[in-house]
Amino acid sequence: MIRFILCAACVLPIFIRESRAAERNIVLVVTDDQSLDAGCYGNPVIQTPHLDSVARDGTVLTHAFCTTASCSASRSVILTGLHNHANGHYGHKHNYHKFSSYTNISSLPVYLAKAGYRTARCGKYHVAPESVYQFQTTIGGHARNPVEMANYCEAFISAESNQPFFLYFCTADPHRSNKQASEIAERPNRFGNPNPGDPGYPGITEVTYDPDAVVVPGFLPDTPTCRAEMAQYYQSISRVDQGLGRLIQILRETNHWDRTLFVFISDHGIAMPGAKTTLYEGGMRSPCIVRNPDLPKRGTVCEAMVSWVDITPTILDYAGALDSRTGRIRHALTSAINPPPKGSQQTRDTSLGELHGKSFLHILDEQRPSEWNEVYASHTFHEIQMYYPMRVVRNRKYKLIWNIAHPLPFPFASDLWSSPTWQAQYQLGMDAPFGAKTVGDYIHRHPFELYDLEADPHEGHNLADDPQHADLLETLKAKLIAFQRNTNDPWIIKWDYELSLIHI
């Protein structure tokens with residue numbers, strides 16, 4: 001039923017799209033703190049058979065990036081298509097952190113509801129205010145038990161309706177937990193895994209891993225402690241995979257699988273120093289697997305450089321809610337959204353329906369499409385005490401990080417500071433190795449970090465002060481400034497206010 005009528009000529013195209021969309025369901029799965037650790041990304045040890053099956057039936061995007069490696073801020077980008085410096089969700093929403101988005105923007109579930117979709121969320125939410133990120137239905141279930149979550153979603157999926165559905169399915173795995181495995185010498189974090197002897201999660205068969213067999217990424221130290229933590233992290237991911245299997249089974253049994261766009265991503269990389277809360281590769285590189293039921297090709301690999309600002313445009317494109325000429329959300333949808341109440345927190349710089357990203361729906365069957373060779377990132381806070389704004393431009397070969405608050409020591413998230421992997425190296429002193437860096441280099445950063453990612457994939461050799469790369473540095477700085485200007489970034493004023501300090 002269409003709730004907004006502009007004129008007969010305007011209504012008819014929307015009605016046609018909504019009728020056609022009745023078969024176009026959407027599932028967006030977002031895991032918590034997962035890097036490229038899955039069989040379909042080349043990890044030979046971890047067991048992710050259900051995700052690998054989706055990959056064989058869909059598209060694996062090998063160069064997908066979050067825009068900020070922080071939970072709430074990243075989810076705000078995923079759901080709005082706007083960088084967090086423009087949507088206002090600079091950091092965590094919960095407790096004293098208190099960040100939230102501006103009230104005069106809108107989000108994916110609201111747009112889809114206006115386009116005729118039933119919307120529901122299950123699991124981790126972690127954004128605010130609810131008026132911006134509003135879902136029609138909230139589904140229960142233990143966020144550490146994805147099988148239970150999937151079972152709770154069955155009624156929503158199978159409900160008789162002439163409307164398509166949008167399900168936002170967000171696990172709490174493989175996020176760190178507040179428990180350590182005290183029975184193991186290295187005392188690794190449990191990553192939500194049950195204690196030995198405990199009954200565990202209903203419906204889950206825990207998959208355990210030998211620390212000697214795990215693959216330690218190059219941005220982490222290959223130590224017994226790190227290996228013990230990676231084994232716990234793998235176990236948590238295998239729990240996610242079982243939940244995916246159950247969710248897909250429900251979609252198949254209800255005859256929705258072949259009428260559903262299925263998108264699997266993580267909010268950002270693993271909860272380890274060198275990844276989460278940073279804009280190094282370990283934090284930015286994230287899984288992205290898409291199964292478009294309309295795509296004739298299966299099991300494809302796409303090397304397009306996409307980022308999380310592109311998720312909302314891509315999903316809206318599938319739903320028929322994007323204007324193909326402008327790449328913006330159709331006016332009929334934005335005009336149907338009620339304005340925010342007077343006195344609420346608003347931004348004057350972002351108009352309703354604006355998007356910073358673009359749809360990658362049409363390139364899923366292309367290996368390396370043109371014009372998808374650059375991404376940008378923007379981080380400001382994680383926890384409220386963790387002010388460390390960074391802006392990034394990254395292309396196929398080079399990455400430039402601007403550490404805006406570089407005179408400050410890098411601030412640690414509470415769970416990362418206490419992580420056994422970090423503490424084991426930190427106790428060895430500032431010269432102790434941590435991946436391709438030292439502990440001291442990780443804490444004390446230069447204003448600009450320039451890396452050749454082909455020669456130095458784990459970002460250990462900063463080229464920013466190398467005269468041979470001076471012209472490249474200036475070119476990438478200019479790109480950063482243009483990005484900040486085009487996305488209404490308040491931190492752009494730092495280029496003027498602190499010109500003498502950052503030596504540009």
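## Strand β7 and its partners

Thr59 stands opposite Val290 in β7. Strands here are DSSP runs of E with at least two residues, and helices are runs of H or I with at least four, numbered from the N terminus. This is a predicted model, in which local features need pLDDT of at least 70 and side-chain atom pairs count only at pLDDT 80 or more, while totals for chains, interfaces and linings use all residues. Residues are numbered from 1 along each chain as its sequence is written, and side-chain values use heavy atoms, without hydrogens and water.

Strand β2 (residues 59-65) runs antiparallel to β7 and is joined to β7 by two bridges; two strands pair if DSSP finds at least two bridges between them. Strand β6 (residues 260-266) is also antiparallel to β7, with four bridges. In β6, Val263 stands opposite Val290.

Along β7 (residues 288-291), Cys288 and Val290 point one way, and Ile289 and Arg291 point the other way. These residues are all buried, meaning under 20% relative accessible area with a 1.4 Å probe, counting protein chains only (exposed is over 50%, partly exposed in between).

## The whole protein

The protein has 16 helices and 14 strands. Its radius of gyration, taken over C-alpha atoms, is 22 Å, which agrees with the value near 23 Å for a compact globule of 504 residues. The globule rule is 2.2 Å times the number of residues to the power 0.38. The C-alpha atoms fill a box of roughly 70 × 60 × 45 Å along the principal axes.

Buried residues make up 62% of the 504 residues.
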